Amino acid sequence: MRLEGKVAIVSGGASGIGEATSRIFAAEGARVVIADVNDELGSALESDIRNDGGEAAYLNLDVTDEDQWRAVVAETVTRFGKLDIVVNGAGISAPGRPPTEQQTVEGWDAVMDVNAKGVFLGTKHAIAEMRRVGGGSIVNISSIYGNVGSKGGTAYHASKGACRAFSKAAAIQYADEKIRVNSVHPGFVDTPMTEGLHGQPGVREERIGKTPLGRLGVPEDIAYGILYLASDESRFVTGSELVIDGGMTAQ
Ligand code: NAP
């Protein structure tokens, strides 16, 4: 029970890495708010966790909307009494992964809105409640694409780089209040987000070939890293970046 007594919000918590995180958090004793735009998956996951004896509530949240963040934080405190952990996991990939000269401003803004502004708002609205309980842990899901370049969409890279640097700056701002902020950098992981890409001829094999541990990640590989950063086991860790990529960026 590594999160016994803790209350957590997991944005993007209904699918993929967020889903695995919600399940593991609940199994480790946390009361979990699954916050997502995917109502069908979110409600089903809430039922699943409850049937397994965990405590969870699904709330609809578009992470780009500040009023909705206010409402979700308030509802979390109403239902579960406090807030200790926020995982900012909601994210989208750049549709079509266009080269920069073909990147539309609308497409750029859409990716930055969810992946960068969503992380900012989730952090912003966690602070007051975490201060009230004397500290907390915010875990922002970036990507190895926040650390290195690739031929993938530059909007996605920019958004994940923003998430990385934002996390370090927020960590410094709130360290004296024991509010820790860290980023997690997954490599290539099989989730609904990457299903289409990993299903294209050759892509899966190419990505496995680039990964020293010789396979793609599964959501639980990432969720266990998030669990460590969310728990008090990482109480001396802030402003750090946890790369979980099978060795991909070590070479
Ligand atoms: P996923 O399975 O698509 O899960 C993301 C969840 O976020 C979905 O339920 C999605 O809903 C939701 N979402 C999208 N826009 C939202 C918004 N505006 N407000 C609230 N929720 C929203 O993706 P994943 O692969 O688990 O990705 C989770 C995080 O890890 C993302 O930040 C992603 O960038 C990052 N990441 C993933 C990989 C990878 O290889 N999979 C690698 C590095 C980093 P819909 O399904 O309805 O859109």
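Q: What makes the ligand nitrogen and the backbone of Leu-61 a polar contact?
A: In this predicted model, a nitrogen atom of the ligand is 3.3 Å from a polar backbone atom of Leu-61. The cut-off for N or O pairs is 3.5 Å, so the pair counts as a polar contact.

Q: Which distance puts Val-63 in polar contact with a nitrogen atom of the ligand?
A: A polar backbone atom of Val-63 lies 3.0 Å from a ligand nitrogen. That is within 3.5 Å, so this is a polar contact.

Q: What makes Gly-89 a polar partner of the ligand?
A: Here the ligand atom is an oxygen, and a backbone N or O atom of Gly-89 is 3.0 Å away. The limit is 3.5 Å, so the pair qualifies.

Q: How much of the ligand does the protein bury?
A: The ligand alone exposes 880 Å². The protein buries 87% of that area.

Q: Which pocket does the ligand take up, and which elements give two or more residues to its shell?
A: The ligand takes up the space of the largest pocket. Helices α1 (16-27) and α6 (154-174) each give two or more residues to the shell.

Q: Which residues come nearest, and what is the make-up of the shell?
A: Ser-15, Ile-17, Asp-36, Tyr-156 and Thr-191 come nearest, out of 28 residues around the ligand. The shell has 14 nonpolar, 11 polar and 3 charged residues.

Q: Why is the pair Arg-23 and Asp-48 called a salt bridge?
A: Their closest N and O atoms are 3.1 Å apart. The cut-off is 4 Å, so the pair counts as a salt bridge. Arg-23 lies in helix α1 and Asp-48 in helix α2 (residues 39-51), so the bridge ties together parts 25 residues apart in sequence. The model's count is 18 salt bridges.

Terms used: Residues numbered from 1 in each chain as written. Predicted model: local features only at pLDDT ≥ 70, side-chain atom pairs only at ≥ 80, totals over all residues. Heavy atoms only, no water. Near = heavy atom within 4 Å. Polar contact = N/O pair within 3.5 Å; in protein donor to acceptor, adjacent residues only side chain to side chain. Areas by Shrake-Rupley, 256 points an atom, 1.4 Å probe, with all protein chains shown as cover. 1 Å grid on protein atoms, 1.4 Å probe; cavity = no way out; pocket = protein on both sides within 12 Å on 5 of 7 lines; lining within 4 Å. Sits in = over half its atoms within 2 Å of the grid points. Helix = DSSP H or I, 4+ residues; strand = E, 2+ residues; numbered from the N terminus. Nonpolar A, V, L, I, M, F, W, Y, C, P; charged D, E, K, R; others polar. Salt bridge = Lys/Arg side-chain N within 4 Å of Asp/Glu carboxyl O.
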